[in-house]
Structures are given as structure tokens and as C-alpha cells.
Amino acid sequence: MTTPARTLRIATRKSPLALWQTEHVADRLRAAHPGLAVELVPMSTRGDEVLDRSLAAIGGKGLFLKELELAMLRGDADCAVHSLKDVPMELEPGFALPAILARADHADAFVSNRHAGLDALPKGAVVGTSSLRRQAQLRARRPDLVLRDLRGNVNTRLAKLDAGDYDAIVLACAGLQRLGFDDRIRARLDAPDWLPAPAQGAIAIECRSDDAATVALFAALNDAATRTCVEAERAMNRALHGSCHVPVAAFARLSGTRLHLEGLVGSAVDGRQVRASAEGGIDAPDALGERVAQELLGHGAAALIAASSEPDTGPFVS
């Protein structure tokens with residue numbers, strides 16, 4: 001494919017994982033468009049800088065995007081690369097997701113230097129995670145554990161585990177695998193017993209919706225099957241008005257022309273959970289997500305969401 005001479009500038013966070021993902025996208029772009037020059041624009045975001053409070057307390061995962069979106073509006077960057085699980089359910093006006101890459105491992109990873117799995121942890125063991133979704137599922141399975149907040153990039157979190165601050169931590173398998181830490185995964189926490197964040201494992205590209213030239217460049221990178229699955233998961237979360245304040249999990253999988261979606265709303269305080277699932281056609285992922293959301297609400301999820309949405313003003317306390 002012949003591409004007009006231009007330099008595409010991609011905004012990215014500075015963490016090792018964000019840089020890996022952006023370099024991966026850049027390599028895919030160069031392969032799809034020979035002659036295209038791609039330049040990374042590393043930036044620091046408020047979500048990366050404030051590590052002494054939970055994401056819910058400082059404004060949510062959207063803080064990982066704001067500075068990158070401003071760079072696009074200023075003309076300092078043409079697009080940005082994100083972990084799709086960090087992208088709010090509603091984009092800011094004027095932005096679009098022209099491509100979602102094929103999903104990597106969607107599961108969570110149990111990481112420990114001394115214990116083989118979640119059930120092998122002794123009573124009162126200290127487990128680190130910054131995710132309310134993970135906290136809720138940990139509380140449901142092991143209410144005896146002590147949960148402590150864990151912020152920072154993947155390398156920082158592993159270093160805290162190795163320093164003895166935690167008996168185990170829970171991270172995303174995809175992030176560990178992308179950074180070459182496959183051997184740190186002691187066990188996969190997977191569906192149906194354990195559900196991931198909506199769109200976990202998927203990389204998305206964001207750009208200005210009126211930038212037709214940039215939108216067109218990414219058509220070759222979009223994976224239709226992944227997009228169908230994550231659209232159902234994100235539609236469910238959007239219908240629930242989920243955010244980083246609310247422990248929401250979802251996982252969709254394709255089987256031929258059918259799409260199956262499982263959803264969960266939990267409590268990070270006492271481990272209560274509401275689950276629902278449904279199946280539909282692959283041509284209507286949003287409708288399926290909304291149907292599962294209504295099932296969850298019908299089973300009592302509204303009360304859990306209301307309780308979880310109360311403002312959090314300080315660090316996470318077990």
C-alpha cells in the first residue's frame with residue numbers, strides 16, 4: 001500500500017508497558033504502510049504522577065488520557081495508543097477509536113514468590129491490587145485476605161512484591177507477557193470463575209474524529225472479532241454507568257456467529273456479587289451489552305453500584 005510522505009506522531013504515556021504497546025503499533029503501521037515515518041511523543045499524565053491515592057480518589061482512569069488528548073488538540077500529536085480497559089466508556093467529543101488491535105490474553109495473573117495460587121495463600125495473607133474489580137472478586141473468594149492498594153507501573157509493582165511488601169499481587173496477564181515477565185505468572189485467574197475488566201488485553205488507537213487521513217491509516221490494524229467482543233463489554237459497562245469507582249467485570253467471546261457475554265458487579269467492601277450472562281448475534285454487540293446490564297440491575301446491581309459510587313477521598317484501606 002502506498003502512503004503519502006508524512007510523519008505520524010503518536011502520543012504515549014512513558015511507562016515501559018505504554019511504550020511497548022506504542023512501539024508495537026508503530027511497527028504494525030510501518031509494515032502496513034511502507035515509507036510511513038512514525039514518531040513517538042512520550043508524555044507524563046496525572047494518572048502516572050499521583051501514586052499515593054487510588055485512581056477513584058483522583059478522578060479515574062480518564063486521567064491517563066487527558067494530557068494525550070490535549071496534545072492531539074494542540075496539534076502536537078496525531079493519535080494516541082491506550083490500553084482499551086483504561087479508556088472511558090464515553091470518549092470526549094471530537095475523538096474516535098479508529099482501530100482496536102487483536103486482543104492478547106484477557107485474564108488476570110496471580111503473581112507470588114512463595115505461593116502457587118490464590119487458594120494456596122495462608123489466612124491473612126497480604127495481596128496488592130489497585131483495582132476495585134479485583135478487590136471485589138478477591139473478597140468474594142477469600143474474605144480472610146488483607147488487601148492493600150498497589151499503584152505504579154508493572155516493574156514498580158513487581159519490585160514491591162519482591163521487596164516483601166505483599167504475599168501476592170494481581171496484575172493483567174497481557175501486561176506481564178508484553179514486557180517479557182511471563183515466568184512471573186503463577187496462575188491465570190480466568191472466566192467463568194473470575195472475570196476481567198471490560199476490554200482487558202486490547203490495545204486501542206485514539207485520534208481526532210475529523211482527521212480522516214489518520215483514521216484511514218489505521219484501518220489495516222483493526223481486528224473485527226476483538227472489536228465486536230469489546231464493544232459488548234463496554235456497552236454493558238456504559239449502561240451500568242460503570243467507572244473506576246464501581247467494581248464491574250465483563251468478558252465476551254465469539255462462537256461462530258454468536259456472541260456470549262458474562263458480566264459482574266461486585267462490592268470491594270464485603271465481596272457481594274451479582275452476575276448475569278446472555279447470548280446474541282455478532283451484529284449487535286451493543287444491544288447484548290445493554291441486555292446483560294439490565295439483567296444485572298434486575299438482580300440487584302443498582303444497590304452495589306450506588307454504594308461503590310460514593311466519593312473516595314483517601315488511600316485504599318483494607
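**Entry 1: strand E1 and its sheet**

I started with strand E1, residues 7-13, and looked up its pairing with E2. The two strands run parallel and are joined by seven bridges. I picked out one position in E1: Arg-9 stands opposite Glu-39 in E2. I note here that I am working on a predicted model.

Next I traced the sheet around this pair. What is the order of the five strands? I read E2-E1-E3-E10-E4. The sheet is open, and its pairing is mixed. I then checked the edges. They are strand E2 (37-43) and strand E4 (95-100), each of which pairs on one side only. From one strand to the next, I get an average twist of 30 degrees.

**Entry 2: the sheet E7-E6-E8-E5-E9**

I moved on to another open sheet of five strands. The order here is E7-E6-E8-E5-E9, again with mixed pairing. Why is one side of strand E7 and of strand E9 left without a neighbour in the sheet? Strand E7 (146-148) and strand E9 (187-189) stand at the edges and have a single partner strand each, so one side of each has no neighbour in the sheet. The average twist from one strand to the next is 30 degrees in this sheet.

I looked inside the sheet at strand E6 (residues 126-128) and strand E8 (residues 168-172). They run parallel, and two bridges join them. I followed Gly-128 across to E8 and found Ile-169 as its bridge partner.

Then I checked which helices lie on these strands. Helix H5 (residues 132-141) lies across strand E5 (108-111), E6, E7, E8 and E9. I get about 130 degrees between H5 and E8. Helix H6 (residues 154-162) also packs on the sheet, where I see it touching E5 and E8. The direction of H6 makes about 165 degrees with that of E8.

**Entry 3: nonpolar cores**

I turned to the largest nonpolar core, which has 21 residues. Which of them touch the most other members? I list Met-236, Leu-240, Leu-261, Val-265, Val-292 and Leu-296. I then asked which elements supply at least two residues of this core. They are helix H9 (224-239), strand E11 (248-255), strand E12 (258-266), strand E13 (273-281), helix H10 (285-298) and helix H11 (301-308). H10 gives the largest share, four residues.

I took a closer look at Leu-296. I set aside its neighbours within four places in sequence. What remains in contact with Leu-296 is Met-236, Leu-240, Gly-263, Leu-264, Val-265, Val-274, Arg-275, Ala-276 and Ala-301.

Another core lies apart from this one and holds 18 residues. Among them I noted Val-25, Ala-26, Val-81 and Leu-101.

**Entry 4: cysteines**

I checked two cysteines for burial. Cys-173 has 0% relative accessibility, so I count Cys-173 as buried. Cys-229 comes to a relative accessible area of 9%, and is therefore buried too. I also looked for pairs of cysteine sulfur atoms within 2.5 Å. My count of disulfides is zero.

**Entry 5: whole-protein totals**

I closed with the totals. How many helices and strands does the protein have? I count 11 helices and 13 strands. The protein has 318 residues, and buried residues make up 54% of them. I then took the contacts with a separation of 6 or more. Residues 24 or more positions apart account for 70% of these. The accessible surface comes to about 13,200 Å², and 51% of this area belongs to carbon and sulfur atoms.

Methods: Residues are numbered from 1 along each chain as its sequence is written. This is a predicted model: local features need pLDDT of at least 70, side-chain atom pairs count only at pLDDT 80 or more; totals for chains, interfaces and linings use all residues. Side-chain values use heavy atoms; hydrogens and water are left out. Buried means under 20% relative accessible area, exposed over 50%, partly exposed in between (1.4 Å probe, protein chains only). A nonpolar core is a set of buried Ala, Val, Leu, Ile, Met, Phe, Trp, Tyr and Cys residues joined through side-chain atoms within 4.5 Å. Contact means heavy atoms within 4.5 Å. Two strands pair if DSSP finds at least two bridges between them. Axes are lines fitted to C-alpha atoms, for helices over the stretch in contact, and angles run from 0 to 180 degrees between N-to-C directions. Accessible areas come from the Shrake-Rupley method with a 1.4 Å probe; for residues, only the protein chains shown count as cover.
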